[in-house]
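Colleague: I'd like a close look at the enclosed space in this model. Take one part and work outward from there.

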Amino acid sequence: MLVVLGEDHKRLRNLALALVTSTKLKPSYLGDIEKIALRIVGSWHGNSNDKGKVNVIAFCEEARKFAFSVIVKQVLGLSPEEPVTAMILEDFLAFMKGLISFPLYIPGTPYAKAVQARERISRTVKGIIEERRNAGSSKKVDFLDVLLSSNELSDEEKVSFVLDSLLGGYETTSLLISMVVYFLGKSAQDLELVKREHEDIRSKKGKEEFLCSEDYKKMEYTQHVINEALRCGNIVKFVHRKALKDVRYKEYLIPSGWKVLPVFSAVHLNPSLHGNAQQFQPCRWEGANQGTSKKFTPFGGGPRLCPGSELAKVEAAFFLHHLVLNFRWRIDGDDIPMAYPYVEFQRGLPIEIEPLCSES
């Protein structure tokens, strides 16, 4: 979907929007997110049972587990406990490592391993598709049912689209959550405001009652924090574009066929557009309606706007809900996000976590 044009792009984008429409704010989807978040956060309690006992975790890895479990559940209907989920994750990680490597197929190189992993994922997904067809289910439970009901794609295209969906719902979402934790770990004031907001939401619910869409709408300061983490973190720093015809922009002429590299961070960190642009200040979003502003484009824009942008925010907000109500944390060391060329934490964002007295 990143490279196709015209009607092909429109067709694939409509399928991606079908995924979002079939899951967005549905009780079952929100329940799946929360169950997975509770499982991840609950595993930390098992490693550090006593209040005052500090435990160090590699947070980026935990965020990846969470994001992958959510997207696999929604796209393929697989739970984290199923053996096939672990098999797909192993192959998917190999695929990710070779995604931006030098494309020379020599056995043992990241590129060769990525090609082989992609073939294994393809076989696995084809098997799941065949099994779903043989089951004869007509209920639209997950995205795979939506995809199978479409006659616009071949089986190979459907497998490729599933892989695209896994990719889109995994890396950037997990990095967004890591960015939020990183910036909040350096801003005690903003962390306290987020914690109060979630304590207020939890106080109005039963002890084991799950969050709902109305609770999500109340997470206003959390949304400010997520927006500011997107602006400062610049998870997607740039996109690749190509001029299909001569384009005149102000006094510049971009000839047909030239490559264009829009750099989002140049806009997000521009002091003429954002006051104190280098500072993490979630309060800048209060009373502002800049979600789709030309000054703020973390998910792109226009017909290329990421169709899963709202799903990523929901996942980050729900995960943060259980994190702030169960733990306090601080960054262990001086790990910072760097771009190589995509943004990542070189040490995996190690954090020291300490359980709070009461668990929610």
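How much space lies in the second largest cavity? And which residues line the second largest cavity?

Modeller: One caution before the numbers: this is a predicted model. The second largest cavity holds about 40 Å³ of space. Its lining consists of Glu61, Arg64, Lys65, Phe68, Leu89, Leu93 and Tyr170. By class, that gives 4 nonpolar residues, 3 charged and no polar ones. Two helices, α3 and α4 (83-98), each supply at least two of these lining residues. The largest share comes from α3, with 4 residues.

Now set that cavity in context. The structure holds 2 cavities of 30 Å³ or more. The largest has about 60 Å³ of space. Around it sit Cys60, Ala63, Arg64, Glu171, Ser174, Leu175, Ser178, Val343, Glu344 and Phe345. Three elements give two or more residues to this lining: α3 (59-76), α7 (155-185) and β8 (343-345). Here α7 gives the most, with 4 residues. The class count for this lining is 5 nonpolar, 2 polar and 3 charged. Arg64 is worth marking, as Arg64 appears in the linings of both cavities.

Follow Phe68 next. Phe68 lines the second largest cavity. Phe68 also belongs to a separate nonpolar core of 30 residues, with Ile71, Leu144 and Phe161 among the other members. Phe161 leads on to Leu147, since the two are in contact. Leu147 lies in helix α6, residues 143-148. How buried or exposed is Leu147? Its relative accessibility is 0%, so Leu147 counts as buried. Beyond its neighbours within four places in sequence, Leu147 touches Leu15, Leu153, Lys158, Phe161 and Val162. Take Val162 as the example: 15 residues separate Leu147 and Val162 in sequence, and their C-alpha atoms are 8.8 Å apart.

The largest nonpolar core has 60 residues. Its members with the most contacts inside the core are Trp44, Phe59, Phe66, Phe319, Leu323, Trp329 and Ile351. Helix α12 gives the most to this core, with 11 residues. Several of those names return in the aromatic picture. Trp44, Phe59, Phe66, Phe319 and Phe327 form one aromatic cluster. Trp329 also has a long contact list. Setting aside neighbours within four places, Trp329 is in contact with Val181, Leu184, Gly185, Leu191, Leu323, Val324, Ile351, Glu352 and Ile353. As background, nonpolar side chains tend to be buried together in soluble globular proteins.

Back to α7, by way of the aromatic pairs. The whole structure has 14 of them. One is Phe183 with Phe280, and that pair is stacked: the centres are 4.8 Å apart and the planes 5 degrees apart. Why does this pair tie distant parts together? Phe183 lies in α7, while Phe280 lies in the loop between α11 (264-268) and α12 (309-326), so the pair links parts 97 residues apart in sequence. Both partners are buried. Phe183 has a relative accessible area of 13%, and Phe280 has 16%. Each value is under the 20% limit for burial.

Phe183 also takes us to open space. About 370 Å³ lies in the second largest pocket. Its lining has 20 residues, and those nearest the centre are Tyr182, Phe183, Cys232, Gly233 and Pro337. Helix α7, helix α10 (220-233) and strand β7 (337-339) each supply at least two of the lining residues. By class, the pocket lining has 12 nonpolar, 6 polar and 2 charged residues. So α7 contributes to the linings of the largest cavity and the second largest pocket.

Last, two backbone points to check. Asn276 has a positive phi of about 50 degrees, although Asn276 is not a glycine. Asn276 sits in the loop between α11 and α12, where Phe280 is also found. Lys250 is another non-glycine residue with a positive phi, near 55 degrees. Lys250 is in the loop between β3 (247-249) and β4 (252-254). With 63% relative accessibility, Lys250 counts as exposed.

Definitions and conventions:
Residues numbered from 1 in each chain as written. Predicted model: local features only at pLDDT ≥ 70, side-chain atom pairs only at ≥ 80, totals over all residues. Heavy atoms only, no water. 1 Å grid on protein atoms, 1.4 Å probe; cavity = no way out; pocket = protein on both sides within 12 Å on 5 of 7 lines; lining within 4 Å. Points joined across faces, edges and corners; volume = space filled by probe spheres on them. Nonpolar A, V, L, I, M, F, W, Y, C, P; charged D, E, K, R; others polar. Buried < 20%, exposed > 50% of the residue type's maximum accessible area, 1.4 Å probe, protein only. Contact = heavy atoms within 4.5 Å. Phe/Tyr/Trp six-rings, centres within 6.5 Å; stacked < 30°, edge-to-face > 60°. Core = buried A, V, L, I, M, F, W, Y, C linked by side-chain atoms within 4.5 Å.
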